[in-house]
Structure formats: C-alpha cells, structure tokens
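Visitor: Could you take me on a close look at the largest cavity in this protein? I would like to know what lines the largest cavity.

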Amino acid sequence: MTDNKPPTAEALTNGGETHAPTSIAQQYDLLPKLIPNLDRHMTYPLLEFLSGVEGEENAEVTKAKYELLKNSNMTDYVASLWQEINDSDEVPEEFVKKREEVLQRLSLFTEETSKIDELLNDESVVSNLRSDKVANLKFLEQQHGVTIQMVDMLYDFGRFQYSCANYRDAAHLLDQFRILSTDNEKASSASWGKLAADILTQNWEVAMEEVNKVKESIDTKLFNNPLAQLQHRTWLIHWTLFPFFNYEPARDTITEMLFSPSFINTIQTNCPWILRYLAAAVITNRSRTRNTGAYQKQLKDLVRVVRQEGYEYNDPVTEFVKALYVDFDFEEAQKKLGEAEEVLKGDFFLSASADLFVEAARHLISESYCKIHQRIDIKDLSARLGLNQDEGEKWIVNLIRDTRMDGKLDYKEGTVLMNHPANSVYQQVIERTKGSFFRTSVLSAAVAK
C-alpha cells in the first residue's frame, strides 16, 4: 500500500503522446496557473507529462514530484524519488519510520471502522435508512450503538486512504461518510475528496455525477458568500478539465456548464486562461454538432468572450479565433493555427486533441473563406490551409459536399464559384430581432433586482 502512486500522465491524457515542448509551447505554458487550482494528487500527472522532456529539466521535474508528495503517505514511492534525486541506494531512516507509522495507522483505522462499515454494507440495515440524516443517526445509535465519533472516523480514514493513493477505498469511505454526517462543512469536503478520487481512478461516469453534486452545493449552500462561490467555481472548472477531455459523453455537459452565466463570469473574473480549453472544445465539437443552433450559439458566445478578454488573456488558440471571426484575417488565422498546434501538443489536457483541432480549424477557415468570396482560387485557399494544390482540391470537394454549400468547381480555371443568394429584407429583420424579446426580459429582470 505504501508503494502506491498517483495515476500516470498517459492514463489521464486520453492516449496523448508526450512531446518535448517547443519555445512557443513553453511561452504559453499554463502549468503555473493550473497547479494552484488543483489537488496535489491531480498535479502529479501534469508533472509526469513534463518528464517526457529529456535533459537537465527532467531532474527538476523529479524534485518537483518529491516536494509535491513528500508529506503524503506514499512513503515507498517518495523514498524512491529521494533515492533518484540523491543518486543513492540507501533509504533514509525517516522513510522507514514513517512507513511503519502508516501501516500502524492503517491497521488502527481498519479496526475502528470495521463495525460501521459492516453495518453500511448490510442490506437489512441500509433498507431502514431514510433521507433524514438526523433520524438515520438516531436509528443507528439506538439499534447498533453507532456514535458521531464512529461516523467521523470514516471521514478521517477516507482522507488517510486518499493520501496513500488508495483512491477507490477513499471514494467508498467518503461516500459512506456523506450518507450519515450532519456536518455540512465536512460533507462538502468529502464531496470534493470523492470527486478527486473518482477522477484519479478514471471513473468518469461517477465523476460527472459528483461534478453535478458539487456544482449544486456551490449554487445553494454558498449563496450568501459570493467570494467563496467564485473560488469554489474556479476550482471546479479546473477539476472538470480531466473528464472534459477524457470522457466523450461529458463534453457537451461541461461545455454547457462553462457557458452558463455564473461560470463564464468566473472564467472572465478569475481564470481567463480557461478560454484556451473552451475554445479547443468548441472547435473540436464542430464535427459532432455543426449546423445545429446550439453549436452556432456556442461559437458566437466564444467569439464574444475572446474579444472581450483579449486585453486580459491571449494565446495562439484564442488568437486564432480572433483572427478568423473578429478580424477576418485569414493569413493571420493560418499563422496562429500553426502556433496553436504546437501549444496544444505541449498541453497536458489537449495533447490528444491537437490533430482533431487542426482538422476542425481548417474546416472553419474554409467555410468562412467560402462565405465571403464568390470566386475562390484553389491554389490560394490550399496555401492558406497549409495543403498542396491536389490536397486542396480534394479538401474543397469534401467541404462543399459535407456542408452542402452551393459551389461549383472549375478544374480548368482552378477556381471554385460560390453562389451566395441574398436574404430578403424580411428575413434579415427576423434574424436581427429574433432574440430581442428574450434579451429585453432578462434585462428587465436584472434591473428589477
């Protein structure tokens, strides 16, 4: 047990390869901004991701791992890191002593929680529990001699197991504690601990259930403390990056959550660098949800926020969005796409999505280019997409077919003729006033408050 360690970077990057960071990737490295908002066990895979860099920096990463975990109960693994740093085969006495203490505490915790653990695994007992925690405690106390101290022991044992990197056992114990505890502060802490444990065991479906529970707790229990709400939402945003890019069914749910008013305000106020991940998610979602109202709204909201926050945060990913949808500068968009690819390959969360991002971004460049030009030179568009002329022809043919744009390919002239039928005046009025009633209602409600 003492030789456990957190999950590897490979396990939490959806199979993404580790790339030695280029100068552009190092320039826009978000690790210093992410680490303060993550649990130390979650930080470990990010540090291991850096271990793919060969040379002197690798030793620095090992030292960082040691500093990160030295106060945990993973004594054997921490000792191995110390040996690697000091190039020694000897294990200091302090690690041997701490290992014995950890094993003794494990034995003690196991003994002291055995009774309540057996009760909570007994179907005849569980069937008598209700949603009222006070009544449940009274029932367990009267019928089975359970005390508040025994319930709190589940919480302490869960934290202990988490520190040992026994995440499955920790999740189980913290969940049992939440069922019985009337201590709201500890129950909230247990929810965060269970979410972390489920993330680190890659139990994504359950982790998403915990995300919703934590989100609901932030919205309701911290209603009268806006500053605490802001901080807790900031943490939740960072923690959800793990399922965001590792669990496909979570993509739409988390994207919708991040675009909600309370969370987009949190991003703009406290962590604008999350716009990189939001932009990457929206752009890579194109192949699954394009031409839907939801996707178009997300894209429009993304462009609006990127434009608003440009003074506060920018990187090649957000600058690509700005170049394409704000400035309509296709040459700059192509340049930023090349830089964005390097940044994504050097990003722990986005390394596995780099190729998909580039593919989707090329489609967006092509669509935008075709919408504002009537006659398109294939050679010119191919150059903007970073393709040769033959690849460009195939690309454009597939684009016209997939998006059902009204275009005609002239192989002889090497051009594409686009037909852009003008909207009637009535249709333009309808489009411009479509959401005015809703926006007016929202504004009136805000003023009324």
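Guide: Happy to; here is the cavity, followed by the protein around it. What you see is a predicted model, where local features need pLDDT of at least 70 and side-chain atom pairs count only at pLDDT 80 or more, while totals for chains, interfaces and linings use all residues. Residues are numbered from 1 along each chain as its sequence is written, and side-chain values use heavy atoms, with hydrogens and water left out.

A cavity is a set of points, on a 1 Å grid over the protein atoms alone, where a 1.4 Å probe fits but cannot get out. Points are joined across faces, edges and corners, and a volume is the space filled by probe spheres set on them. One cavity of 30 Å³ or more is counted, and the largest cavity holds about 130 Å³. It is lined by 15 residues (those with an atom within 4 Å of a point), and D29, L31, G346, D347 and F348 are the closest to its centre.

Helices are DSSP runs of H or I with at least four residues, strands are E runs of at least two, and both are numbered from the N terminus. At least two lining residues come from each of α2 (31-34), α3 (40-50) and α17 (275-284), with α3 giving the largest share, three residues. By class, the lining has eleven nonpolar residues (Ala, Val, Leu, Ile, Met, Phe, Trp, Tyr, Cys and Pro), three charged (Asp, Glu, Lys and Arg) and one polar (the others, Gly among them).

Around this cavity, the protein has 26 helices and three strands. Of its 449 residues, 47% are buried, meaning under 20% relative accessible area with a 1.4 Å probe, protein chains only.

Terms used
1 Å grid on protein atoms, 1.4 Å probe; cavity = no way out; pocket = protein on both sides within 12 Å on 5 of 7 lines; lining within 4 Å. Buried < 20%, exposed > 50% of the residue type's maximum accessible area, 1.4 Å probe, protein only.
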